[in-house]
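Colleague: I would like to go through a structure feature by feature and learn how each one is read. Can we take it from the side chains outward?

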Amino acid sequence: MPALRPGVHVKNALGMAAVAALSLTLAPAASAETGFATVKITRVSGWFGVEDFWTTRGGFIPRQKFDVDITNVVGRDVRGLSVFISLPTDRLGVTGYEGDGWRCWDVNEGIGAEGIKCTQDHLIVHEEAWPKLTVETKAEAIWTQDSIDVYAEADGHAAVHAQQWFRIDTST
């Protein structure tokens, strides 16, 4: 695990509390939890570096994009997907999202409880993916090392979690 900036452990603890407050039932946080679905975070544009630790230039690159892909693996049809994407919005602000049938809104209840919550009503059969969600962000010119955390739940199943470490580089 990369070295963390002060407050990241607080973010993780507060993020879990925020998710619970947003009506998500949490399974213990881990990078590859098993559950009703698989969750994958993939960089699209504005990010560089190795796959397990993305980097972007704060203030220099106009926008960064990443995809969230969620696939039903529970063995039956699932509906009513709810997703919380936790990230430090004061340093990596969400500027937009796109994806068929997604409805998203800002959540800002303090450190670790900030990001966006999204819902998706498509009925998804076993081994089918929900429509891809693309999130666009704007990195501030503040050196940052943190994570993007995605928590997804549906039909009363315990939440599944994926995490992507990132850095905002401000060096010249």
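Colleague: How does Glu136 count by relative accessibility, buried, partly exposed or exposed?

Modeller: The general idea is a cut-off: buried means under 20% relative accessible area and exposed over 50%, with partly exposed in between. This is a predicted model, and in it Glu136 has 21% relative accessibility, so Glu136 counts as partly exposed.

Colleague: Which side chain does Glu136 meet in a salt bridge?

Modeller: The partner of Glu136 is Arg63, at 3.6 Å from N to O. Glu136 belongs to strand S8 and Arg63 to the loop between S2 and S3, so this salt bridge ties together parts that are 73 residues apart in sequence. Arg63 has 36% relative accessibility and counts as partly exposed.

Colleague: How many salt bridges are there in the whole structure?

Modeller: The search finds seven. The test is a side-chain nitrogen of Lys or Arg within 4 Å of a carboxyl oxygen of Asp or Glu. One of them joins Glu98 and Lys65, with 4.0 Å from N to O. Glu98 sits in strand S5 (residues 92–98) and Lys65 in strand S3, 33 residues apart, and the pair links distant parts of the chain. Glu98 is partly exposed at 48% relative accessibility, and Lys65 is partly exposed at 24%. There is also a network: Asp67, Asp69 and Lys132 are joined by salt bridges that share partners. Another salt bridge runs between Glu51 and Arg43, whose closest N and O atoms are 2.7 Å apart. Arg43, at 22% relative accessibility, is again in the partly exposed class.

Colleague: Moving to the backbone, what does the secondary structure of the chain come to?

Modeller: One helix and 10 strands. Read from the N terminus, the helix precedes the strands, in the order α-β-β-β-β-β-β-β-β-β-β.

Colleague: In what order do the four strands of the antiparallel open sheet stand?

Modeller: For a sheet, read the strand order across it, then the sense of pairing, then the edges. Here the order is S1-S3-S8-S5, and the pairing is antiparallel. S1 and S5 are the edge strands; each has a single partner strand, so one side of each lacks a neighbour in the sheet. The average turn between neighbouring strands, direction ignored, is 25 degrees. Inside the sheet, S3 and S8 pair over five bridges in the antiparallel sense. As a point of register, Phe66 stands opposite Val135 in S8.

Colleague: And which strands make up the sheet with mixed pairing?

Modeller: Six strands form that open sheet, in the order S2-S10-S9-S4-S7-S6. Its edges are strand S2 (53–57) and S6, each with a single partner strand, so one side of each is left without a neighbour in the sheet. The twist from one strand to the next averages 20 degrees. S9 and S10 pair over nine bridges, in the antiparallel sense. Ser147 stands opposite Trp165 in S10. Strand S9 is also the place of Tyr151, which is buried, with a relative accessible area of 4%. Tyr151 and Ser82 are 69 residues apart in sequence, yet their C-alpha atoms are 8.3 Å apart in space.

Colleague: How many residues does the largest nonpolar core have, and which have the most contacts inside it?

Modeller: A core is read from its membership, its best-connected residues and the elements that supply it. This one has 32 residues, and Phe36, Phe66, Ile70, Leu81, Ile85 and Ile148 have the most contacts inside it. Elements that give two or more residues include strand S1 (37–45), strand S4 (81–86) and strand S10 (160–169). S10 provides the largest share, four residues. For one residue in detail, take Ile85: leaving out residues up to four places away in sequence, its contacts include Phe66, Val68, Ile116, Leu133, Val135 and Ile148.

Colleague: Which figures describe the chain overall?

Modeller: Buried residues are 45% of the 172 residues. Among contacts with a separation of 6 or more, 74% are between residues 24 or more positions apart. The chain exposes about 7900 Å², of which carbon and sulfur atoms supply 53%.

Conventions:
Residues numbered from 1 in each chain as written. Predicted model: local features only at pLDDT ≥ 70, side-chain atom pairs only at ≥ 80, totals over all residues. Heavy atoms only, no water. Core = buried A, V, L, I, M, F, W, Y, C linked by side-chain atoms within 4.5 Å. Buried < 20%, exposed > 50% of the residue type's maximum accessible area, 1.4 Å probe, protein only. Contact = heavy atoms within 4.5 Å. Areas by Shrake-Rupley, 256 points an atom, 1.4 Å probe, with all protein chains shown as cover. Pairing = 2+ DSSP bridges. Axes fitted to C-alpha atoms, helices over the stretch in contact; angles between N-to-C directions.
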